[in-house]
Amino acid sequence: MELGADYIDIELQVAHEFINSICGRKPQNLKIIVSSHNYQNTPSVEGIGDLVARIQATGADIVKIATTALDITDVVHMFQITVHSQVPIIGLVMGERGLISRVLCPKFGGYLTFGTLEAGKLSAPAQPTIKELLNFYNFRQLGPDTKVFGLIGNPVGHSKGPLLYNTAFKSIGFNGVYVPFLVDDVAKFFDAYSSPDFVGFRFNPDKWWRINQSNCTIPHKEAALERCDEVDPIAKSIGAVNMIIRNPSDGKLSGYNCDYIGAISAIEHGLRGSHDIHNTVSSPLAGKLFVVIGAGGAGKSLAYGAKEKGARVVIANRTYERAKQLANVIGGEAIPLDELGDFHPENKMILANATPIGMQPKVDETPIPKKSLRFYSLVFDAVYTPKITRLLREAGESGITVVTGVEMFIRQAYVQYENFTGLPAPKELFRETLATHA
Ligand code: NAP
């Protein structure tokens, strides 16, 4: 204080004593932050409210409360306090599940947030760097009217989504932000984040989002179907939703599936190659034998999309029962996955892997022996880490056209962006951003 600091941050336990000790000597421009830290949990809204009153009673200029997130829904308690606070308030929820409390601070009335100068040099769990706050989340552009979009997953930390969408939002001055939502329970999440500020959600397209609900394992995408008030007819037929949008007028949640458009348009583009770019009326998939490996969310999307384009669909899955179920729904055939290598009723078939086989770290795995690939004219892999999987590498070595999961990811991202914003997707910017940060 004597050296002219603008702010002094003092713990609640000693605040009375400290403030009494400087009585009559406090410089006019000095602001006293009185802090309370809870490393165990996040109290209820009432509990935090009582704490705010106790801190205010010390004579604090700024109230600071940091709690710990056991679940992402804890952050809602803090937002409810900061957004209605009559006094300047810093409200942060520590830990990975509390990250959005730090990023969305300007939207919900927080006085300031904390960022680290260097990655890894944290003063509290899960602090982002200042660079990330400014460049990755466009922190300076966020305000009360900013619309929040996000990626739901577990884990969700390394997704390219926030970078892609926030770069695009900034490029056109769109008042939105895209954040990672680390979610343990989808139903609980949607109950807590029911305000119109949270408008668009995407589910992480990775194997981890299988979650445990009521003793049975359901992938997020399929659990999400039940949370929607309305489901797009295509997503309903596929049986999986991977994008949810909140209607601004009545708050209802509508579910969509953008995976199938991403995957099918990438494969069609691969089939057309450079020869037939002008023929966009009929699909090059019409009449083709299309073999899908997998019967989960991506498998269903691919099987449905291929069938819709007039292909004859065969589903090969580890759990044969699931393959049969899907084949019955879409009108196709099913085979057990271990018979795929010997399955070659004709030449020039199309193969689409929609399982995590070959995904990092198990990059040496492949769903089909290399010698069996010669019956195919195009091979697609939904896996996008690595970009070139063993399956695609062996197909390429066999002279077969390959289409990557990255291409599917980019194309579904266009659809998602257009649904979220109502604006055309900046396709070149998406590709450049992904290429620069590959
Ligand atoms: P999912 O719903 O969990 O389904 C996984 C499917 O893979 C199931 O059919 C499962 O068979 C099968 N499977 C899992 N592990 C296997 C193994 N070790 N051996 C044989 N089969 C196995 O997952 P999903 O959403 O469909 O995703 C599948 C893959 O697609 C993931 O790698 C994901 O990253 C990728 N994906 C990519 C994009 C993109 O934009 N590029 C989008 C969506 C998904 P059972 O029925 O026997 O369990």
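Hi everyone, let's start with the layout: the protein chain splits into domain 1 (1-144), domain 2 (145-256 + 410-437) and domain 3 (282-403), with bounds that come from an automatic or database domain assignment. Between the C-alpha centres of domain 2 and domain 3 there are 26 Å.

A quick word on the source. This is a predicted model, where local features need pLDDT of at least 70, side-chain atom pairs count only at pLDDT 80 or more, and totals for chains, interfaces and linings use all residues. Residues are numbered from 1 along each chain as its sequence is written, and side-chain values use heavy atoms, with hydrogens and water left out.

Now, the cysteines. How many disulfides does the structure hold? Zero, taking a disulfide as a pair of cysteine sulfur atoms within 2.5 Å. Take Cys258: its closest cysteine sulfur belongs to Cys228 and sits 12 Å away, too far for a bond. Cys258 is buried, at 0% relative accessibility, whereas Cys23 is exposed, with a relative accessible area of 64%. Here buried means under 20% relative accessible area, exposed over 50%, and partly exposed in between, using a 1.4 Å probe and protein chains only.

Last stop, Lys147. This residue lies in strand 5 (residues 147-153); strands are DSSP runs of E, at least two residues, numbered from the N terminus. Lys147 is partly exposed, at 41% relative accessible area. Which residues does Lys147 touch, leaving aside its neighbours within four places in sequence? Asn175, Gly176, Val177, Asp197 and Val199 are in contact with Lys147, meaning heavy atoms within 4.5 Å. Phe198 is 51 residues from Lys147 in sequence, yet their C-alpha atoms are 6.4 Å apart in space.

Notes: Helices (H or I, at least four residues) and strands (E, at least two) are DSSP runs, numbered from the N terminus.
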